[in-house]
Amino acid sequence: MNNKLPAAFLEKMMDLLGSDEFERFLESYDQPRVYGMRINTQKIEIPEFLEKSPFALTPIPWVSEGFYYEEGQRPGKHPYYHAGLYYIQEPSAMAPVELLDVQPGDKVLDLCAAPGGKSTQIAAKLKGEGVLVVNDNHSDRVKALVKNLELFGVRNAVVLNEKPERMIPVFRGYFDKILIDAPCSGEGMFRKEEDMMSQWQRHSVTECSSMQREILGQAAQMLAAGGYIVYSTCTFSPEENEAQIAELLDRHPEFEVVRIDRAEFAPGRPDWVRAPWCAEDAYSEQALAAVAGTARLWPHRLKGEGHYVALLRKRDSAPGEMAPAMEAAAAVPAAGERKRSGREALRRGGRAEAPRAAVSLEPLQAFAGELLRSEPFAAARLVCYGDHAYASPAGLPELHGLKVVRPGWYIGALHRGRFEPSHALAMGLRFDEAKRVVSLALGDARALRYLKGETLEVAEEEVIRDSDTGQAAKGYCLVCVDGHPVGWGKWHDGMLKNEYPPGWRWT
Ligand SMILES: C[S@@+](CC[C@H](N)C(=O)[O-])C[C@H]1O[C@@H](n2cnc3c(N)ncnc32)[C@H](O)[C@@H]1O
């Protein structure tokens with residue numbers, strides 16, 4: 001494969017790495033690709049997953065939830081995938097979130113988030129506590145981001161489709177942690193996606209560098225004093241990596257590099273911030289020295305495609321720090337007023353209308369009383385956008401004026417006095433949070449038939465329900481496979497009507 005690599009890329013890597021290391025780097029392109037998956041610890045503990053995993057897994061050293069699986073295994077074709085028990089992710093791409101050290105309760109921004117691999121990793125670390133704002137400026141890519149968050153069962157994420165500069169007035173100084181997984185020239189993707197080679201041109205590095213510079217400066221303004229930014233790329237060029245960090249340090253003296261010390265990772269290369277790749281003498285010596293504390297993941301030094309990661313801290317009393325954005329006033333809609341459809345707006349433009357405090361939540365409350373054992377949205381703020389109800393994480397600033405794709409966990413639709421639960425609600429619940437469940441064993445042929453969208457024969461005694469209250473079998477049931485929710489069904493008279501969304505079906 002290495003004979004397909006762009007000549008200008010090879011020439012540059014030879015200059016940077018020197019002949020010995022360049023040889024090893026080049027040989028890595030002829031090694032077989034490695035494959036990774038990350039266990040969703042929000043849904044299953046690692047030992048339990050390992051015990052029942054149908055895949056041969058070996059740990060990825062730099063991420064506790066990450067495992068290599070073998071070529072030929074197809075984790076995307078398994079009911080556990082449909083239950084959101086793992087995310088398939090390139091192993092070195094798991095490093096940035098690990099280094100961000102997200103804790104439950106943090107307010108975290110994933111600024112360039114689609115399709116959401118790293119967002120799901122952050123969400124698992126938040127364990128449902130705190131606020132996760134995910135954003136991507138590309139409206140089509142945001143759809144995959146929404147789907148992945150729903151599949152993962154994330155309850156506390158807000159999805160935006162915005163230009164970062166428009167987010168600054170809303171989120172100035174708000175976040176504890178920000179991930180910038182920057183758009184880049186993708187040199188670390190050549191082995192995984194050969195198309196990236198044909199797209200790569202020398203000038204794409206220059207274009208990406210100017211985007212990255214802008215995004216870093218914008219993110220810096222949304223971080224609270226004492227907060228952390230992880231900046232990452234899947235490319236090797238110093239213009240997009242060390243030079244970006246050196247420039248940020250010179251422009252924003254309130255930032256410092258936190259040294260990344262992991263045996264598997266190589267240090268950042270201040271000596272590569274030089275002509276002809278980078279402007280000579282453009283950065284202070286102090287900033288250049290600091291970038292040695294950033295990290296490079298090389299495909300010839302570890303089992304992964306390659307990444308660059310920098311961990312930055314904004315000092316506690318940053319000069320000119322603004323007050324954090326104010327929390328929005330509680331906005332639980334009042335009962336009995338008119339509803340309007342925001343669903344269409346979400347579908348067409350990927351964007352919600354402004355919330356309306358006008359929809360009766362009674363049908364939702366009745367559904368929750370009948371079906372839910374726990375109060376999964378108790379800590380959130382219920383908001384209605386048109387006919388659609390969301391549980392919005394508490395502590396969010398007012399989002400007016402922003403392109404909001406999901407203002408929180410999508411709970412369902414309120415139509416003509418009825419409530420239709422969303423697929424996202426099913427995926428965010430646990431087995432023991434529902435009062436009416438149809439639980440299918442992994443080996444039960446009906447599990448696959450459910451995922452294919454078929455109606456199932458289910459005997460009344462198979463509907464697990466609240467025996468204390470003499471609950472009827474008829475109505476919505478949470479369908480689980482091997483104890484993990486996969487969607488809704490509606491039971492009536494020995495049949496389970498399939499509510500699995502068409503776009504999610506097993507094909
Ligand atoms: C490397 S990808 C992100 C991958 C993602 N973090 C993941 O793990 O799945 C970079 C993303 O940045 C988005 N992007 C490009 N320019 C942007 C900008 N100015 N603001 C926000 N997102 C941007 C692209 O649409 C792309 O989805």
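**Group meeting talk: ligand shell, one sheet, one loop residue**

Let me begin with the ligand, around which there are 19 residues, and among these Cys112, Gly117, His138, Asp181 and Pro183 come nearest. If we ask which elements give two or more residues to this shell, they are α6, covering residues 117–126, and α10, covering residues 202–222. Sorted by class, the shell around the ligand consists of 10 nonpolar, five polar and four charged residues. Please keep in mind, as you look at the structure, that this is a predicted model.

Now I turn to a sheet. In general, the strands of a sheet pair through backbone hydrogen bonds, and they can do so either parallel or antiparallel. The sheet I have in mind is open and has six strands, in the order β20-β24-β23-β22-β19-β21, and its pairing is mixed. At its edges stand β20 (456–457) and β21 (463–464), and because each has a single partner strand, one side of each is left without a neighbour in the sheet. Strand β19, residues 437–440, runs antiparallel to β21 and is joined to that strand by two bridges; here you can find Val437 opposite Ile464 of β21.

My last stop is Val63, which sits in the loop between β2 (57–59) and β3 (66–69). Is Val63 buried or exposed? Val63 has 21 other C-beta atoms within 10 Å, and since 20 or more is the cut-off, Val63 counts as buried. Leaving aside residues up to four places away in sequence, Val63 touches Arg38, Met94, Ala95 and Glu98. Ser28, by comparison, is 35 residues from Val63 in sequence, and the two are 22 Å apart in space, C-alpha to C-alpha.

Note on methods:
Residues numbered from 1 in each chain as written. Predicted model: local features only at pLDDT ≥ 70, side-chain atom pairs only at ≥ 80, totals over all residues. Near = placed C-beta within 6 Å. Helix = DSSP H or I, 4+ residues; strand = E, 2+ residues; numbered from the N terminus. Nonpolar A, V, L, I, M, F, W, Y, C, P; charged D, E, K, R; others polar. Pairing = 2+ DSSP bridges. Buried ≥ 20, exposed ≤ 12 C-beta atoms within 10 Å, placed from the backbone. Contact = placed C-beta atoms within 7 Å.
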